[in-house]
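Trainee: Could you take me through one part of this model up close? I'd like to look at the salt bridges and then at what surrounds them.

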Amino acid sequence: MTEAILKRYRVWDAPTRIFHWVNFLSVLLLIIVGIVMLYKRDIGITSLDAKIAIKEIHIVIGYVFSLNLFIRLVWGFIGNRFARWSNIIPGKGFGTVLSSYIASIKTGHPQQFLGHNPLGRLAVIVLMLMLITQAVTGLVRAGTDVYYPPFGSMFAAEVAADGVNPATLKPYDKTGVDPVKLKELGAFKEPFGEIHLYVAYALMLMILLHIFAVVKAEISEGSNLVSAMFSGKKVLSRDPEDLKE
């Protein structure tokens, strides 16, 4: 029996690895705080100050999440080969690559890749679109609900009654607010909240699928995906397909 020769490759650069773990932790915290917000009455949180405080915690974590996401989006244009969007976003010939990978899975000997495998590339695109959606809708709701940056001052100015300084408005306090404009703002922000909530549910499902896929790949391909996100190095037993390109 011939033993497989393992080779170590440097793949993920430091910024990509940092993004991954900051994103993981911030999303996890956002989900936890979000669940507390949804079920605050059931767990005995009834005072307005406490409700606002929880929302503010959610927003502050959201800032970390959004800034981290923005840096990753930029890094996708200037990072190393495997961090770049050109190596992730499907392009010409991707259908053939995907079909070949799926066929290799069926044989029980999945092709190995230094970067994301073809299915992983599709998953990354879906996850990124979800994360961007969450960042945008979250920032809008931060502005409409508690007048936080970057849109808070604009929304405060929109609902402030004539002669009232928008900077004096307080969250969930109708003092100094034009009731008609406040109602219009409520209609405006509602779909952003709904999208934010339902994409959060979809994101939780995607996270579970991602974990399942990583565990499965670890077992079937032995590509040390988890440790590679700490060390930046992958250990493969066969020549990676994307090294042949």
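Mentor: Let's start with the rule: a salt bridge here is a side-chain nitrogen of Lys or Arg within 4 Å of a carboxyl oxygen of Asp or Glu. Keep in mind that this is a predicted model. By that rule, the count comes to four salt bridges.

The residue to centre your view on is Asp 145. Its side chain meets that of Lys 189 in a salt bridge, at 3.0 Å from N to O. Lys 189 lies in helix 6 and Asp 145 in helix 4, so this pair ties together parts that are 44 residues apart in sequence. Both Lys 189 and Asp 145 are buried.

Now turn to Lys 55. The side chains of Asp 145 and Lys 55 also meet in a salt bridge, again with 3.0 Å from N to O. Lys 55 sits in helix 2 while Asp 145 is in helix 4, so here the parts being tied together are 90 residues apart in sequence. Lys 55 and Asp 145 are both buried.

The next partner of Asp 145 is Arg 141, with a salt bridge at 3.2 Å, N to O. Arg 141 and Asp 145 are both in helix 4, and because they are four residues apart, about one helical turn separates them. As for the acid itself, Asp 145 has a relative accessible area of 5%, and since buried means under 20%, Asp 145 counts as buried. Put the pairs together and you get a network of salt bridges that links Lys 55, Arg 141, Asp 145 and Lys 189.

The helices in that network also turn up around the open space in the model. Take the second largest pocket, which holds about 930 Å³ of space. Helix 1, helix 2, helix 4 and helix 6 each supply at least two residues of its lining. Helix 2 gives the most, with eleven residues. In total 37 residues line this second largest pocket, and those nearest its centre are Gly 34, Met 37, His 58, His 196 and Leu 197. Sorted by class, that lining has 23 nonpolar, eight polar and six charged residues.

The largest pocket contains about 1,400 Å³ of space. It is lined by 45 residues, and His 20, His 116, Leu 127, His 210 and Val 214 are the closest to its centre. Helix 4 (118-146) and helix 6 (179-220) are among the helices that supply at least two lining residues each, along with helix 1 (14-38), helix 3 (94-107) and helix 7 (225-231). For the largest pocket, helix 6 gives the most, with 13 residues. The class split of this lining is 31 nonpolar, ten polar and four charged residues.

One last stop, on the outside. Helix 2 spans residues 48-78, and Ile 78 is found in it. Ile 78 has a relative accessible area of 52%, and because exposed means over 50%, Ile 78 counts as exposed. On the surface, Ile 78 forms a nonpolar patch with Leu 67, Phe 70, Ile 71, Val 74 and Phe 77, and together they have about 630 Å² of accessible area. So if you follow helix 2, you have buried Lys 55 in one place and exposed Ile 78 in another.

Technical notes. Residues numbered from 1 in each chain as written. Predicted model: local features only at pLDDT ≥ 70, side-chain atom pairs only at ≥ 80, totals over all residues. Heavy atoms only, no water. Patch = residues over 30% accessible without salt bridge, like charges linked within 9 Å, V, L, I, M, F, W, Y side chains within 5 Å. Areas by Shrake-Rupley, 256 points an atom, 1.4 Å probe, with all protein chains shown as cover. Buried < 20%, exposed > 50% of the residue type's maximum accessible area, 1.4 Å probe, protein only. 1 Å grid on protein atoms, 1.4 Å probe; cavity = no way out; pocket = protein on both sides within 12 Å on 5 of 7 lines; lining within 4 Å. Points joined across faces, edges and corners; volume = space filled by probe spheres on them. Nonpolar A, V, L, I, M, F, W, Y, C, P; charged D, E, K, R; others polar.
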